[in-house]
Amino acid sequence: MSDVKKFMYLNRRAPYGTIYAWESLEVVLIGAAFDQEVSLMFVDDGVFQLVKGSDTSESDMKNFTPTYRTLGDYGVRHMYVDKTSLEAHGLTQDDLIEVAWEDWESEEEVDNIVEVLDSEELAEKLGESDVVFSF
Amino acid sequence: MADLYTVNKSPFEKNSLENAIRFSGEGASVLLIEDGVYGAMAGTAVSDLVASATGRKFHVLRADLKARGISEDRLIDGVELVDYAGFVDLVVSHDKVQAWL
């Protein structure tokens, strides 16, 4: 593949209350299958998507938090979290899931690709992207 | 008797909770469900909506809180946890239900 594009998935909705978070995950998995460079960003209520400890047994909904943990295996290389949103929502990185990544060929490993960044850094990541998908 | 106000939207995204509280009278009850449960979290930018509202009883639906990974110890003091049966009890013990979407 000669022209790999940088895809950025921008997530700004809480999970479960609406279909946005789940739909975003579905599209991310499809995009990753096409060998593009895929990154995710979590802003505003989107930071709630990464909160660990989700238990849907009482509400009869599908728990899709485990799916985020597998994103590294699907080739997602970066998951950026907005520091400002995290603080406004009363959360710290300790409240968030960890997602590991490994390159099968080079055997390069990253223990956790979930990264908390400030506005300036996030703006840069958005600017560098070829395409931004919003959910 | 007073009304039961249900709020199902995130207080970070919509003003449903703010206005449900504003229009609810003293003695009213507010039940937070679905994305509305985030309004019951302490230590957020919108915690004051619930924390500073006096004369109203706040409840949060446990199933929706658990689905979102929010543990009980994160709740604002005084917010009461209810299960689905508790939801029904609230409905029958109030004059009527107002859904604030």
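Contacts in chain A of this predicted model are dominated by distant pairs in sequence. Residues 24 or more positions apart supply 79% of the chain A contacts with a separation of 6 or more. Of the 135 residues of this chain, 33% are classed as buried.

The secondary structure of chain A consists of four helices and seven strands. Read from the N terminus, the order of elements is β-α-β-α-β-α-β-β-β-α-β. The radius of gyration of chain A is 14 Å, close to the 14 Å given by the globule rule for 135 residues, so the chain is as compact as a globular protein of that length. Along the principal axes, the C-alpha atoms of chain A fill a box of roughly 45 × 30 × 25 Å.

Two non-glycine residues of chain A with positive phi were examined. Y16(A) is one of them, with a phi of about 75 degrees. Y16(A) sits in the loop between β1 (6-11) and α1 (20-33) of chain A. This tyrosine is buried: 24 other C-beta atoms lie within 10 Å, and the cut-off for burial is 20 or more. D44(A) also departs from negative phi. Its value is near 55 degrees, and the residue is not a glycine. The loop that holds D44(A) runs between β2 (37-42) and α2 (65-69) of chain A. D44(A) has 19 C-beta neighbours inside 10 Å and therefore counts as partly exposed. Burial would require 20 or more.

In chain B, helix α1 was analysed for burial. The helix spans residues 16-23. Its buried residues are S16(B), L17(B), A20(B) and I21(B). Viewed down the axis of α1(B), these buried residues fall within an arc of 130 degrees, so they line one face of the helix. The geometry of helices gives the background to such a pattern. An α-helix has 3.6 residues a turn, so residues three or four places apart point the same way. On the other side of α1(B), R22(B) and F23(B) are exposed.

The cover over the buried residues of α1(B) comes from several elements of chain B. Among them are the strands β1 (4-7), β2 (29-32) and β5 (97-100). Helix α2 (47-51) of chain B also contributes to this cover. The buried face of α1(B) is thus described by S16(B), L17(B), A20(B) and I21(B), which lie within the arc of 130 degrees.

Terms used
Residues are numbered from 1 along each chain as its sequence is written. Chains are lettered from A and ligands numbered from 1 in the order in which they are written. This is a predicted model: local features need pLDDT of at least 70, side-chain atom pairs count only at pLDDT 80 or more; totals for chains, interfaces and linings use all residues. The radius of gyration is taken over C-alpha atoms; the globule rule is 2.2 Å times the number of residues to the power 0.38. A residue is buried if 20 or more other C-beta atoms lie within 10 Å of its own, exposed if 12 or fewer, and partly exposed in between; C-beta atoms are placed from the backbone. Two residues are in contact if their C-beta atoms, placed from the backbone, lie within 7 Å. The arc is that of the directions from the helix axis to the C-beta atoms.
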